[in-house]
Amino acid sequence: MTQPSTDAIPALKVRAGKTDAVIRSVERGDFSLAVETWKTAFGFTDEERWKKFAFEVSDYAVGAFIDDYPHALATVIMFDCNFNGHLIKCGGIAGVACSPPMRRKGLVRAVLQEVLNRLNDQKVEISALWPFSYPFYEKMGYSLTDLQYEVSQNVDAIPPVGDSSRFKPVKLDDYEKLMPVHQRWTKTFNLSLERNSYRWQRQLTRPERQFVLYLHEDGYMIWNLQDPENRTLEVVEWAYLTEQAFHDGLALIKNCGQLAFDSAKWVMPVLDPLLRLGVSYPPARVNVRYGMMSRVVNSEAFFKNCSLDAHKVEICDPMGISGSANIDGGIRPGPGEVLQIAAGFMKPSGHVAESLYKKAANVATFSIEQY
Ligand SMILES: CC(C)(COP(=O)(O)OP(=O)(O)OC[C@H]1O[C@@H](n2cnc3c(N)ncnc32)[C@H](O)[C@@H]1OP(=O)(O)O)[C@@H](O)C(=O)NCCC(=O)NCCS
């Protein structure tokens, strides 16, 4: 862990049922107990992977301790995030868990309160996460900020466009060749997270998946070949910076269908490049998936660093971080709604934030990063 330790940040006490819980950083000595809480919450028991997650992947972890047992946990992974043409800091939240005996006592809420306080003190503009439940995190001020289109299509029905030979196979160890394209790609969306070399390695070394990589001048594809469901090729990640790169990718998928797969599925941030090709027979199936949730943390830093100072609004924050919880909740936007409104993801209804609407909406919101 590279971020605050208990030496730097004093522990806090909160009431949990009939006992006091101490909210503090998770240290290496806490790991064997922390992993029990994570294992029971996620059902994922590979201790080595949890250790890496807690002490290498995450910048720091915070826990709610009762008698030195970490009953509730959350970790923070710091990302650079694109918004309105600027690179801002995003506290990615992961590993949120509470041990079964101590659930529904406010422990995770207290841990997230502490995490948001720390991010706010560090002038971090926003926070984001992939929720297990959207209503749960709405109570903490997060809002849905992107929709993703999962497309499934019979390989035979893919229109014959593009040139597959513009893609070159890349060895897994040479993943760094994909990084410049990924970086260009993230610049074309709001709330897209940058991925460093360490995260690339982590993404590509999942025990339950077997990846192959293809690189194009203006794109790349990551396929998973492990245990395909119903002879469907899983395109895990498909970056295309031009319509041509999208067409060339379709040609690549179509070629793959000859023996191994009948259909393919992939995720698109917007459907237009597919729709422009007309509707095939049988038509592609499109499933709209809810994406990442985000919220503003340090509102001053957010408005200033995203060049939105002229449209600054007071925020009504249930966690009391980026604004008071008690100011005109009906007409003041929440910390997640501010991002929805500025990015044009959602139109405010009767909010005082009308002037903020679409002020950062030059590109769609989308993030592929899983954490
Ligand atoms: C979900 C989980 C983290 C909640 O932890 P917790 O300590 O029980 O949560 P809290 O007591 O702090 O609850 C905070 C609020 O969410 C509500 N809540 C708690 N569990 C909830 C659930 N499963 N679904 C919806 N709301 C829930 C609480 O009622 C409370 O609302 P309130 O503030 O209006 O009173 C815990 O049940 C868990 O570890 N589950 C398994 C792992 C998991 O799903 N992690 C999340 C990964 S994103």
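Leu-277 touches Pro-159 and Val-161, leaving aside residues up to four places away in sequence. In this predicted model, Leu-277 sits in the loop between H8 and S14. Leu-277 is partly exposed, because 15 other C-beta atoms lie within 10 Å, a count between the 12 or fewer of an exposed residue and the 20 or more of a buried one. Along the chain, His-247 is 30 residues from Leu-277, and their C-alpha atoms are separated by 9.5 Å. The points below go from the domains to the helices, and then to some backbone details.

**Domains**

- The domain assignment divides the protein chain into domain 1 (12–124), domain 2 (148–290) and domain 3 (294–356).
- Between the C-alpha centres of domain 1 and domain 2 there are 33 Å.
- Eight residues from domain 1 and nine residues from domain 2 take part in the contact of these two domains.
- On the side of domain 1 that touches domain 2, S4 gives the most, with five residues.
- Sorted by class, that side of domain 1 has five nonpolar, two polar and one charged residues.

**Helices H1 and H2**

- How do helix H1 (residues 31–42) and helix H2 (residues 47–57) cross? Their axes come within 10 Å, at an angle of roughly 105°.
- H1 is therefore roughly perpendicular to H2, since angles of 65 to 115 degrees count that way.
- H1 brings Phe-31, Ala-34, Val-35 and Trp-38 to the contact, while H2 brings Glu-47, Trp-50, Lys-51 and Ala-54.
- Counted by class, the contact of H1 with H2 has six nonpolar and two charged residues, and no polar ones.
- Helix H2 has Trp-50, Phe-53 and Ala-54 as its buried residues.
- These buried residues cover an arc of only 85° around the axis, so they are on the same side of H2.
- Turned away from that buried side is a face of H2 that carries the exposed residues Glu-48 and Glu-56.
- The cover over the buried residues of H2 includes H1, S3, S4 and strand S5 (86–98).
- Trp-50 and Ala-54 deserve a second look: both belong to the contact with H1, and both are among the buried residues of H2.

**Helix H5**

- Which residues of helix H5 (residues 179–186) are buried? They are His-182, Trp-185 and Thr-186.
- Looking down the axis of H5, these buried residues fall within an arc of 95°, so they line one face of the helix.
- Strand S4 (69–83) and strand S12 (232–240) are what the buried residues of H5 pack against.
- S4 thus turns up in several places: among the elements that cover the buried residues of H2, in the packing of H5, and on the side of domain 1 that touches domain 2.

**Backbone details to look at**

- As background, most residues other than glycine have a negative phi, and most peptide bonds are trans.
- Asp-67 has a positive phi, near 50°, and is not a glycine.
- Asp-67 lies in the loop between strand S3 (60–66) and S4.
- Is Asp-67 buried or exposed? Asp-67 counts as exposed, because it has 9 C-beta neighbours inside 10 Å.
- Leu-191, also a residue other than glycine, has a positive phi near 65°.
- The loop between H5 and helix H6 (197–204) is where Leu-191 is placed.
- Leu-191 counts as buried, because 27 C-beta neighbours lie inside 10 Å.
- The peptide bond that joins Tyr-281 and Pro-282 is cis, with omega about -5°.
- Pro-282 is in the loop between helix H8 (272–275) and strand S14 (285–290), and Leu-277 is found in that loop too.

**Pairs far apart in space**

- Gln-244 is in helix H7 (residues 243–256) and counts as partly exposed, with 17 C-beta neighbours inside 10 Å.
- From Gln-244 to Tyr-69 there are 175 residues in sequence and 55 Å in space, C-alpha to C-alpha.
- Glu-36 is found in helix H1 and is partly exposed, with 15 other C-beta atoms within 10 Å.
- Glu-36 and Gln-153 are 41 Å apart in space, C-alpha to C-alpha, and 117 residues apart in sequence.

Technical notes:
Residues are numbered from 1 along each chain as its sequence is written. This is a predicted model: local features need pLDDT of at least 70, side-chain atom pairs count only at pLDDT 80 or more; totals for chains, interfaces and linings use all residues. Helices (H or I, at least four residues) and strands (E, at least two) are DSSP runs, numbered from the N terminus. The arc is that of the directions from the helix axis to the C-beta atoms. Two residues are in contact if their C-beta atoms, placed from the backbone, lie within 7 Å. Axes are lines fitted to C-alpha atoms, for helices over the stretch in contact, and angles run from 0 to 180 degrees between N-to-C directions. Angles under 35 degrees count as roughly parallel, over 145 as roughly antiparallel, 65 to 115 as roughly perpendicular and the rest as oblique. Ala, Val, Leu, Ile, Met, Phe, Trp, Tyr, Cys and Pro count as nonpolar, Asp, Glu, Lys and Arg as charged, and the others, Gly among them, as polar. Domain bounds come from an automatic or database domain assignment.
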